[in-house]
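Notebook open; today I look up how some helices pack and bend. I'll jot things down as I go.

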Amino acid sequence: MKELSLIEKAFFLKKTRLFQEVELDLLVAIADKLNQDFYDANEKVFDIYHRANRMYLIAKGTVNLFDKDQNLICELSTNDFFGDEPLFGEREHHYSAICKNETILLTLAKSHLMTIISECPVVAIALLECYAQNFSHRFQKKS
Amino acid sequence: MQRLIRNVFGVYPGEGIMAFRFCLLATIWALSSSIANTLSASLLLEKCGSAVLPYNYFIIAIALITASSLFIYLLRRISADRLLLGVLSFSATLLTLASFVIFYFPKNWIFQIFHIFSNLMDATLIACYWTCLDRYHDLQEAKRIYGAYNASYFFGYAMGGVIINQFFDKIGPFPLFLLACCALYYAIFQIRLIARKTHPIDDDRIDEVLASTKRTFSSIIHAFCHSPFAIILICFSLFCKLLQNTTEINYMTTLSKIFNPALSTLARPITESSLPEFLGKVQACIAIGNILFGMFFYRRVVRKIGLTNVTLIPALVFLFLYSEWMVHDTLFVAVLGLIAVNGFLFTIEDNNFNLFMNAAPVKLRGMLRIINDSFFEPLGMLISSSVLILFASCNKSFGFILASLFIILSFFLRKFFSKSILISLRENAIHFERKIKHWLKFLNKKEQKEIIEDLKKKLSDEREEFRLLAMHALLTVEDHHLLETILLSGDRLTATKKQELIQYIEHSFFAETSSIIEKLDQWLQSSNDEDLSKMIHLFFAKKGLLHPDKVMTDLDTSDLYKRAAAIITLKKNLANQTHSQAGLNRTIAYKELELLLKSKNEQEICMGLEILRESTSSHWLDKVISFLNHSSINVKRDAAKCIAKIVDKNASRYAEAILNALKSCSDNEFRLSCIKALEKIGDSTTVFDMIACSIYFRPNERRFMENAVISMGLKTVPVLTSIIKNNTLHDRCRLMAGKILGIIAQPQLQANLTDIIFAEIERAYFYFYYGHTIQLQYPLHDLTLLVNTLQSGYQSVIDFIIYMLGAAGSIQEYDLLVYALHSKNAKTRANALETLEKTCGSRIYSELYPLLDDSPWESKIETWPHLKKQFSHLGLSDLLKQLENSSSLFDRTVSAHLQAKLQIPNWKESLREQMKKNDELFHHFAYELLEK
């Protein structure tokens with residue numbers, strides 16, 4: 001599979017929920033720091049309890065997330081992202097990620113994500129929105 | 001006692017157990033390797049003779065090269081500690097098997113295989129062990145502790161020799177082999193323990209070798225070929241190997257001449273055992289020296305003279321050695337050769353190589369060691385043996401040539417080391433300041449073409465929003481050849497997006513281009529969309545393309561766009577008019593414009609301001625300035641934009657009003673326009689206020705402000721210098737001033753640097769000392785808040801110091817350096833420290849190092865006894881009083897809060913006094929405290 005160019009990566013970022021509000025010039029700068037990985041079907045991206053040091057954006061394909069009992073948590077597809085939650089607490093992944101089919105992932109290192117958040121508050125807000133959704137869901141479960 | 005041990009071994013609190021485990025691991029596997037190697041060699045020589053050795057070496061070289069490819073492949077999939085675990089397990093199993101096979105089936109070919117295996121085991125364990133160490137240590141740690149690891153390795157090796165010496169005759173080889181196996185099994189246990197108990201330091205770079213991302217061999221080769229440092233480092237190592245083999249042959253030749261039994265006399269008897277005995281004694285002394293040097297002195301030498309200078313020592317030693325050897329062939333020179341190889345190369349050079357590895361590109365780190373140990377070192381062996389066989393009579397000349405080239409390589413390595421570290425840091429920075437046009441500048445022609453082609457492809461994206469983005473991006477490239485393509489794609493946009501495109505075009509390089517006017521006219525004729533038509537109409541008016549007679553009636557229309565177009569046309573157009581007619585038109589336009597600006601309707605005011613943006617005169621500034629304080633943010637933004645457009649150097653009387661507006665509004669767009677206006681005014685007397693109000697600015701606003709002050713030039717130097725020295729100002733302001741001064745007048749900054757830094761070290765010490773001791777002095781009070789305040793104050797001062805050093809240094813990317821020094825990643829931080837060492841003077845660096853280093857706070861406090869004496873007398877209330885005068889609002893509020901909480905005598909009077917000097921934010925807080 002072909003390596004995505006800088007512009008292709010920047011336009012891909014624009015499609016994601018996290019970066020859709022960010023200007024193209026900034027997206028190109030961010031795209032420059034993205035690393036592209038190709039995965040085969042059923043290949044593991046990371047295992048549960050592995051130390052997290054980057055987040056993953058799905059450029060193509062489908063990724064399944066499993067909990068510690070190998071139950072499917074969710075199925076993510078193109079333009080979704082995962083692996084970001086533990087980056088904010090020096091924690092480990094609390095799920096494993098396995099590619100359902102041939103997948104292209106773009107990865108962003110933790111320190112880069114932190115820098116981006118400090119430069120572009122819209123990214124932080126997008127993340128908060130995602131977490132807020134999950135939080136209300138969790139809250140409902142507990143109550 | 002603990003402190004003494006730590007000081008001796010250079011280990012900081014918290015590192016002791018990890019360092020001990022790694023030392024133990026090195027000792028154990030080196031012991032095993034030493035036993036296996038020595039016994040296999042002696043058994044081979046005894047059973048098969050030396051004739052088989054060249055064949056074995058050939059097979060070892062080939063096997064090592066194969067192993068290196070395998071390890072590179074494996075490192076892409078598993079971590080370095082798992083690789084070491086795998087190699088240890090494989091070696092332990094094979095060694096156990098080999099021990100029994102040798103005992104029960106002592107065939108010649110078995111001894112040969114065993115010899116090959118033991119050599120392979122030694123080489124691969126060395127490579128994997130050091131690769132594993134790199135995963136757990138950064139450069140600064142490596143400088144302190146790697147010497148001890150190297151010494152542990154030698155210690156294990158020496159122990160193996162001693163054990164063979166003492167017990168071989170008594171118990172034979174089999175129990176010794178079993179001992180080596182047990183040592184390897186224990187090493188397996190140790191590495192598992194290390195992997196479980198110790199956290200590795202992963203690089204932030206996403207393609208870090210140990211982070212299990214995927215890479216191709218071609219990308220590794222590409223990274224290697226594009227890193228001069230990696231190439232030089234490998235060449236350096238190759239030359240080490242060449243020199244080692246050449247020197248070994250030379251000193252053995254000299255020693256065998258000197259210890260020739262034929263030269264024996266009564267006074268100086270020489271027997272066949274004289275040479276081995278002599279060699280044994282010298283080797284033992286060197287081994288002890290190596291262990292002592294590695295454990296206690298190497299890190300101190302590196303700290304004292306720097307790694308890049310240490311790397312010259314072995315090169316100079318070899319040059320001296322061969323200069324002597326060319327003239328005298330004496331025992332002294334031969335012993336010096338022995339020390340050069342077994343001492344200098346095995347301790348200093350090996351340790352240097354391990355440290356230099358940290359500066360290699362992240363993509364190659366780890367693999368470079370494997371490539372070197374398993375490929376280039378055998379290659380060096382092969383080359384040197386071939387040359388020495390072919391030119392046996394010129395061995396010393398060959399050595400001299402090698403030593404000369406070695407010193408040249410050392411200089412190259414010095415040069416590229418700093419650069420390589422900086423490149424590693426640069427790879428970590430995100431360049432938010434770059435626009436697409438700037439990105440193109442950093443690319444070669446092929447890549448530029450690719451980027452433009454990609455953007456062109458996006459012009460046919462199914463999402464209209466993306467097509468528009470691509471058009472915007474292509475407009476910023478400012479290439480006339482692309483305009484036609486952009487406009488053709490514009491045809492396929494909806495009317496709303498066409499309006500957005502017109503706005504982009506209006507602010508682009510192509511705004512005046514005829515093809516744009518033609519295209520817009522075409523859209524005007526073909527479009528039924530009213531808003532689009534109005535916008536094009538306004539665009540034409542701005543470009544002076546409408547006739548005044550034709551728009552006169554539009555002045556009375558309720559359509560704001562048409563009215564605006566009419567006003568602009570009357571104001572600007574000179575087509576076929578008499579002077580009196582033109583004057584009349586302008587008077588009408590001004591009156592209409594005034595009406596718009598006086599309107600209560602926000603949109604009309606905004607349109608009025610937009611019309612004024614087309615003006616080149618600052619005549620309207622008085623009026624426009626008043627809109628900066630308008631209640632509507634849209635009006636404020638448009639007013640700021642208008643001012644930024646029409647203001648010039650003669651408008652300095654408005655600078656204060658603009659500054660006040662800048663302070664009062666936090667809107668990003670508004671601030672950027674105000675800063676732009678101040679930049680155009682270029683009044684250096686406003687610099688102080690400009691910088692002072694930037695404390696709470698966003699990153700892009702700060703960048704904008706910096707550029708604004710930079711554009712004012714050298715006249716700002718005195719005020720910038722005074723800001724930097726003024727420690728009553730917020731650190732962020734002083735940082736900005738320092739950064740700007742570093743760009744426009746670096747010598748001035750450097751001239752004041754020592755005074756500034758030493759004053760800041762004192763300030764840092766104050767925060768640091770009380771941050772760590774105040775709670776201990778007052779254990780009954782909960783001073784967590786104060787401690788946190790003091791520690792963050794300390795960090796703020798450290799930030800300031802680093803910035804100043806970066807700005808005053810010759811590094812262009814000092815932002816990067818500051819970022820790296822703040823990185824949570826220890827490897828990035830360590831590399832930044834190394835760069836800082838290279839750029840600031842040794843005096844400043846040695847003063848500063850204890851602050852930046854990760855050493856324990858107790859030892860940091862002891863670093864400056866005079867400061868300890870100066871500060872240690874303050875009690876809690878004195879400390880809080882001191883914080884009252886801090887430049888940081890946070891310090892002042894915490895001080896007031898704690899004074900109130902702890903009921904410090906006269907705290908209310910003190911607070912009222914403070915209110916006189918502080919701003920509104922503090923007043924709110926003070927009133928709350930007083931009311932309580």
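These are my entries on a few helices of chain B, in a model that is predicted.

Entry one, a long look at α6(B). I looked up residues 139-171 of chain B, which make up this helix of 33 residues. From first C-alpha to last I get 45 Å, close to the 48 Å expected at 1.5 Å a residue. I also found a kink of about 45° in α6(B), centred on I145(B). Just after the helix, G172(B) has a positive phi of about 80°.

Entry two, α35(B) against α39(B). I took residues 746-777 and residues 842-852 of chain B: the two axes come within 11 Å and cross at roughly 20°. Angles under 35 degrees count as roughly parallel, so I log α35(B) and α39(B) as roughly parallel to each other. Their crossing is left-handed. On the α35(B) side I noted contact residues including L753(B), I757(B), F758(B) and I761(B), and on the α39(B) side I844(B), L848(B) and L851(B) are among them. By class, this contact has 8 nonpolar, 1 polar and 2 charged residues.

Entry three, α24(B) against α26(B). Here residues 560-572 and residues 602-613 of chain B pack at an angle of about 30°, with axes 10 Å apart. That makes α24(B) roughly parallel to α26(B). I have this crossing down as right-handed. Which residues of α26(B) meet α24(B)? I listed Q603(B), E604(B), M607(B) and I611(B). Facing them from α24(B) are residues including L560(B), A564(B), I567(B) and K571(B). The contact divides into 7 nonpolar, 1 polar and 3 charged residues.

Methods:
Residues numbered from 1 in each chain as written. Chains lettered and ligands numbered in written order. Predicted model: local features only at pLDDT ≥ 70, side-chain atom pairs only at ≥ 80, totals over all residues. Heavy atoms only, no water. Axes fitted to C-alpha atoms, helices over the stretch in contact; angles between N-to-C directions. Helix = DSSP H or I, 4+ residues; strand = E, 2+ residues; numbered from the N terminus. Parallel < 35°, antiparallel > 145°, perpendicular 65-115°, else oblique. Left-handed = near helix turned anticlockwise from the far one by under 90°. Contact = heavy atoms within 4.5 Å. Nonpolar A, V, L, I, M, F, W, Y, C, P; charged D, E, K, R; others polar. Expected span 1.5 Å × (residues − 1). Bend = angle between axes of the 7 residues up to and from the residue.
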